[in-house]
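User: I would like to learn how to read enclosed space in a protein model. Please start with the general idea and then go to the case shown.

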Amino acid sequence: MGEQSTKEEGLGRASGLSRRSMLKVAGLVGLGAVGAGIGLPFMKTSIARGLEQIGAPEGEIAWNACLVNCGSRCPLKCHVVNGAIRWISQEDNHGSGDDTFGQHQVRACLRGRSARRRVYNPDRLKYPMKRVGKRGEGKFERISWDEAIKIVGDKLKHTIDTYGNQSIYYQYGSGSTGYNMAGRSSCHRFLNVIGGYLEFYNTYSTAQIRFALPFTYGEGYGSECSYTREIGNAKLAVFFGYNPGELRMSGGGETYQVNEWRRRNKVRTIFIDPRYSDSMLGKEDEWIPIRPGTDAALVNALAWVLIKEDLVDQQFLDTYCVGYDATTLPASAPANGSYKDYILGDGPDGIAKTPEWAARITGIPEARIVKLAREIGTAQPAFIAQGWSLQRHANGEQAARAVCMLPILTGNIGLPGTNIGEEPGSYGYPVPKLKMPANKVKVRIPCFLWTDAITRGKEMTALADGIKGADKLEQPIKFLWNYSSNTTINQHSDIQATHRILQDESLCEFILVIENHMTPTARYADVLLPDITNFEGSDIVSNGYAVGEMGGPIFLSPAIKPLFECKSAWDICTLLARHLGVEQDYTEGKPFEQWLQEAYVKMREADPDLPETLGEARAMGMIKRRAPQGKGIGLSKFRADPEANPLKTPSGKIEIYSERLAEIAATWKLPAGDVITPLPQYVATWEGYEDTEACKTYPLQLYGRHPKGRTHSTYHNLDVLRAAVADAVWINPIDAQARGIHDGDLVRVTSARGHTRIKAKVTPRIIPGVASMEQGIWFKFDANGQDTEGSVNVLTSQRPSPLAKGNPQHTNRVQIEKI
Ligand SMILES: Nc1nc2c(c(=O)[nH]1)N[C@H]1C(S)=C(S)[C@@H](COP(=O)(O)OP(=O)(O)OC[C@H]3O[C@@H](n4cnc5c(=O)[nH]c(N)nc54)[C@H](O)[C@@H]3O)O[C@H]1N2
Ligand SMILES: Nc1nc2c(c(=O)[nH]1)N[C@H]1C(S)=C(S)[C@@H](COP(=O)(O)OP(=O)(O)OC[C@H]3O[C@@H](n4cnc5c(=O)[nH]c(N)nc54)[C@H](O)[C@@H]3O)O[C@H]1N2
Ligand code: SF4
Ligand SMILES: [Mo]
């Protein structure tokens, strides 16, 4: 029984899937009799064993990994038969099958296990191509590699000669995040060799939170998030929009660890989310539904109760923080400008942030707010965390800082069982990177503002548009380099607006796309180059960023030869460098394999227990390494001795009131309605819950969350995954009934930007007044230029958030009607 229950649990934890769905993903559905025949043994064993039992040959083994940006990085064991990947199984502790918690198997989820279907996909790009129709039409003509390299190389030279290197933009892309030396590093190295390129800062993932929290905790705060194991030392865990069950699905990832620590130590856990997510599914102690974009209002009222009931840790606030009350308020702040003044109604707005005040905004009953405050104020220690959805809103910077006020007010920082309010931290095993010449272009743009940098580049300034490294941009983007990214249209906001910008060839003159598949972005390429998949290449990669304390290097080797005429990014860049006369500078005379061998030597110097040769390491796949002891409690050194270990804030302390933000608020040029405040205040925004004007036409709030069946748009074109995880817009029965919508009906979702159609999922798992759909669906226009597929980004806005100039893609107001 013991073994059986572990394995059963193991299957669940790795996939979040029912046994039937697992069979489906493994391609076994339809094999009725065989499937039934393996019933009992299957329960005891893994999917890999299940396959063995129906006679799938073991084949040659080549280790690779799933390199998407889900935060995990699962090793994938490729079983190669006659030169083709026949099936994929998982990390199994080098065949031992050991699954002891802490040394558990890093099992791939449904996506990684289907990766073979990405490799052999009908959408796979086979040859270099040049565009013959209009951008977006998808009309291409096959060309030779020689011609492709000449077109791209000449265009690069022309762009540099005419506009300068600053007009070459390398687009954000998370398609093969895991690559360490291959992939995007090769592209960056090449672009630096030819004189540099316009870089972005921020990411679509964490623009607002990573920009905002340094004002509170100082630069580099990210390494101060507590590992998931601290949940096991807590009495209470409170999660804001944190959904590891759907987002960190690897067997080695956060969801298993969070659940295991909670279960072992019976940690009371409260989830705050507009949606009853899979992270709960009966395992939560409580679900507190909240209106999107209003978490900061909830925090304000919790603070009000904590202050009124004397549940704040005054000593912590006096010793470690700036700006809680008059005692530590900086001299430059207004006399009534402290956090306590703001909460109690003594600040400039004169509003007491009572539970009654917050109940109206958040939709959470007053009594429940009071109870939650008391729980947080009395449970010592409490582990407070937030996912990244709160910050992907128009007031995301404010929300992210606000949630951190809960551990700060209660002194739940720097001690076992606590966390600083961000997502849990993760150990990153250090892996050498590809040697990188400096980028001579010093100016950078926020990654979300690339469309602006095409249309009005020369107008963009540091004070209005967050340009860094210079006061303004000298040139608009003229050459767009897209590698491993669907952000040139599908993943960026307002697809119709982006389409119009890209169609005008006088603006951005050239779009290079290096891809595996004919994606929506690929359809906009001027030249489209077919990349190998990682299953056709090599690299040494580290674990992902959401793996708790268990990491380690993974050694990728080619399972198969490059398909068709596909080439690696390294090879493409070598050819381009040759065309431009800088091959020696690029390669330094070394083939890619030699760069890897040299990197491995360095790795062994740092970690002598690694196998002697890279070949041996490759045969092992992943080599697990736990985080060194003494890591994993956020701000523990600061807590122990704040004088000796000051934070990297101007005061060296936790800045509840930030003088730097006060200065930014006074000097930056912000559009009407945009607000930056020195305190972590709640701010109502355009298309937020309190936007009564937008509410007249668009009564529902809507956000596009991250889907289980895809990582963004990657894996979209796999029929088995689309069948296993059906896309739909979630709508509450109250809202559905008012619109005559039944479960499964086709509906039209309309925002001020455009509309799309999708099936409705009528469910009480989402609160009234709010709708949610999975982002990442590949859009397709009908004859009227409207999307037919259910892509959320025809609904989202290109207006950036005030401080980070990040993507507020979760802030939308829509109407939903039955078609
Ligand atoms: N399966 C899968 N995993 C992924 C990804 C994927 O596409 N698919 N993407 C990966 C990437 S790149 C990233 S950046 C991360 C993204 O991680 P997140 O940004 O954390 O993910 P989201 O899906 O946006 O939202 C997480 C949860 O927050 C809730 N939520 C939305 N708005 C609010 C709000 O205003 N307040 C509160 N309290 N809750 C809210 C949603 O209902 C959802 O349950 O996930 C990674 N993991
Ligand atoms: N509305 C809305 N929009 C969002 C979000 C949201 O929550 N809501 N989330 C945002 C977030 S957090 C992110 S990170 C972005 C993600 O947006 P992207 O970074 O664009 O990620 P993907 O959509 O997964 O696209 C990655 C592309 O890389 C390709 N690819 C994969 N492997 C390889 C490879 O080895 N070589 C090459 N050349 N290509 C490869 C895939 O085929 C795919 O087309 O989306 C953002 N967009
Ligand atoms: S998508 Fe993430 S969890 Fe799933 S197999 Fe890939 S790396 Fe692992
Ligand atoms: Mo992301």
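**Cavities and a ligand**

Analyst: In this predicted model, the second largest cavity has a lining of 34 residues, and Leu247, Ser389, Arg392, His706 and His810 are those nearest its centre. Its volume is about 520 Å³.

User: How is such empty space found, and how many cavities of 30 Å³ or more are there?

Analyst: Rolling a probe the size of a water molecule over the atoms shows where empty space is left. Here the count is seven cavities of 30 Å³ or more. The largest cavity holds about 640 Å³. Its lining comprises 48 residues, with Ser174, Gly175, Thr711, His712 and Thr714 nearest the centre. By class, 15 of the lining residues are nonpolar, 29 polar and four charged.

User: What takes up the space of the largest cavity?

Analyst: That space is taken by ligand 2. The ligand has 34 residues around it, the closest being Ser174, Asn486, Glu515, Ser713 and Thr714. This shell divides into seven nonpolar, 23 polar and four charged residues.

User: Which polar side-chain atoms lie by oxygen or nitrogen atoms of ligand 2?

Analyst: A polar side-chain atom of serine 713 is 2.5 Å from an oxygen atom of ligand 2. One of asparagine 793 is 2.7 Å from a nitrogen atom of the ligand. Taken alone, ligand 2 exposes 920 Å², of which the protein buries 99%.

User: Why does ligand 2 lie between domain 1 and domain 3?

Analyst: Domain 1 (129–198 + 441–507 + 566–589) and domain 3 (692–818) both contribute residues to the shell around ligand 2, so the ligand lies between them. The lining of the largest cavity likewise takes at least three residues from each of these domains.

Key
Residues are numbered from 1 along each chain as its sequence is written. Chains are lettered from A and ligands numbered from 1 in the order in which they are written. This is a predicted model: local features need pLDDT of at least 70, side-chain atom pairs count only at pLDDT 80 or more; totals for chains, interfaces and linings use all residues. Side-chain values use heavy atoms; hydrogens and water are left out. A residue is near a molecule or strand if one of its heavy atoms lies within 4 Å of it. A polar contact is a pair of N or O atoms within 3.5 Å; within protein, one must be able to donate a hydrogen and the other to accept it, and residues adjacent in sequence count only if both atoms are side-chain atoms. Accessible areas come from the Shrake-Rupley method with a 1.4 Å probe; for residues, only the protein chains shown count as cover. On a 1 Å grid over the protein atoms alone, a cavity is a set of points where a 1.4 Å probe fits but cannot get out, and a pocket is an open set with protein on both sides within 12 Å along at least five of seven lines; lining residues have an atom within 4 Å of a point. A molecule sits in a cavity or pocket if more than half of its atoms lie within 2 Å of its grid points. Ala, Val, Leu, Ile, Met, Phe, Trp, Tyr, Cys and Pro count as nonpolar, Asp, Glu, Lys and Arg as charged, and the others, Gly among them, as polar. Domain bounds come from an automatic or database domain assignment. Grid points are joined across faces, edges and corners, and a volume is the space filled by probe spheres set on the points.
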